[in-house]
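Thanks for making the time this morning. I would like to walk you through one structure, going slowly from its strands to its ligand, so please have the picture in view as I talk.

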Amino acid sequence: MSQPPPAVDPLGSGHALRLDAVTKHYASPGSLVRALDGVSLALDHGSFTAVMGPSGSGKSTLLQCAAGLDSPSSGRVFVDGVEMSDGTETQLTTFRRGRIGFVFQHFNLLPTLTVLQNTTLPLRLAGKRVNRAQAVETLERVGLGGRLDHLPSQLSGGQQQRVAIARALVAGPRVVFADEPTGALDTRSAREVLALLQEAVRIDGRTLVMVTHDPVAAAHADQVLFLADGRLVGRLDRPTAATVADTMTRLTDEVGDRRVTEGV
Ligand code: ADP
Ligand code: MG
């Protein structure tokens, strides 16, 4: 008997993304790593959220769990009102490919596929008809209309990341996740990538969640969430580079103090 499709939960449907008490634990010999330790959040449609925190604070785990690339140990994730842990693996994969885009720090393009083939891959994997004109238009928007038949190795890092953005956007996702998308790029390429991601929010109304270490990049967001030790420890609305940098310094000191107090 086939299982029913993932249920639309009225509690989650008002938000583009909602996490309820999400934890993720990793077992390693002799210890348990709490990569996420009870994270709850709700993000509006069309919002841009930056996620910041020290290395190892759980930022990538948060994105992977929220995007359905990894499953939480406990808690619930709703994307566009649909609970990610419902349904079969196949239904979830189909859902993810239709509603979620992901941009990685190191681009993750397939080296043997051309720019156009990399871009249309999510459509082909989802079994959707590939609308070449639409894919070309997406690539033109990221400034790569003249590079359709190039291989990733023939492109600069910034260009490769722009292909990855086209790939993330081609299926018209509601939520786009980007994990340090400018982390491997020079300043100018980083600015271009940031502008494209911002356009996806401000012009196309997509919801964006972006991990970054850069206060200037974070200042493009509507709000910044701060993670430490797998927990949300701060939030800043309408950030500027200066207020982001201040908050980071303050939280780093506080977390350091708590670790000393708790003997961590
Ligand atoms: P960040 O992206 O903020 O640097 P991560 O989410 O990558 O942090 O990692 C959070 C914590 O979980 C770290 O302590 C990391 O070592 C641990 N961790 C992440 N992935 C795994 C894994 N696959 N197995 C074991 N531990 C992991
Ligand atoms: Mg990370």
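Let me begin at a small turn, where Val79 has Val82 in E5 as its bridge partner. When I say E or H, I mean DSSP runs numbered from the N terminus, with at least two residues for a strand (E) and at least four for a helix (H or I). Before going further, I should say that this is a predicted model, in which local features need pLDDT of at least 70 and side-chain atom pairs count only at pLDDT 80 or more, while totals for chains, interfaces and linings use all residues. Residues are numbered from 1 along each chain as its sequence is written, chains are lettered from A and ligands numbered from 1 in the order in which they are written, and side-chain values use heavy atoms, with hydrogens and water left out.

Back at that turn, strand E4 (residues 74-79) and strand E5 (residues 82-83) pair in the antiparallel sense over two bridges, and pairing here requires that DSSP finds at least two bridges between the strands. The hairpin of E4 and E5 has two residues between the strands, and in it Asp80 takes a positive phi near 55°.

On its other side, E4 pairs with strand E1 (residues 17-28), again in the antiparallel sense, over five bridges. Along that pairing, Arg18 stands opposite Phe78 in E4, and Asp20 stands opposite Arg76 in E4. E1 in turn pairs with E2 in the antiparallel sense over 10 bridges, with Tyr26 opposite Val33 in E2. Two residues lie between the strands in the hairpin of E1 and E2, where Gly30 takes a positive phi near 80°.

Taken together, these four strands form an open antiparallel sheet in the order E2-E1-E4-E5, and its edge strands, each pairing on one side only, are E2 and E5.

The other sheet, also open, has six strands in the order E6-E7-E8-E3-E9-E10, with mixed pairing. Its edges are strand E6 (100-103) and strand E10 (231-237), and the twist averages 20° from one strand to the next. Within this sheet, strand E3 (residues 48-52) and strand E9 (residues 223-228) run parallel, paired over four bridges, and Met52 stands opposite Phe226 in E9.

Which helix lies across strands of both sheets? H1 lies across E1, E2 and E4, running at about 120° to E1, and H1 also lies across E3, E6, strand E7 (175-179), strand E8 (207-211) and E9, at about 155° to E7. Contact in this sense means heavy atoms within 4.5 Å, and the angles run from 0 to 180 degrees between N-to-C directions, with axes fitted as lines to C-alpha atoms, for helices over the stretch in contact. Helix H6 (residues 187-202), for its part, lies across E3, E7 and E8, running at about 150° to E8.

That brings me to ligand 1, whose surrounding residues (a heavy atom within 4 Å) include Tyr26, Val33, Pro54, Gly56, Lys59 and Ser60. Which element gives the most to this shell? H1 does, with three residues, and both strand E2 (31-43) and helix H1 (59-66) supply at least two.

As for polar contacts, meaning pairs of N or O atoms within 3.5 Å, an oxygen atom of ligand 1 lies 2.7 Å from a polar backbone atom of Gly56. A polar side-chain atom of Lys59 is 2.8 Å from an oxygen atom of the ligand, and a backbone N or O atom of Ser60 is 2.9 Å from an oxygen atom of ligand 1. Taken alone, ligand 1 exposes 560 Å², of which the protein buries 60%, with areas from the Shrake-Rupley method and a 1.4 Å probe.

Key. A polar contact is a pair of N or O atoms within 3.5 Å; within protein, one must be able to donate a hydrogen and the other to accept it, and residues adjacent in sequence count only if both atoms are side-chain atoms.
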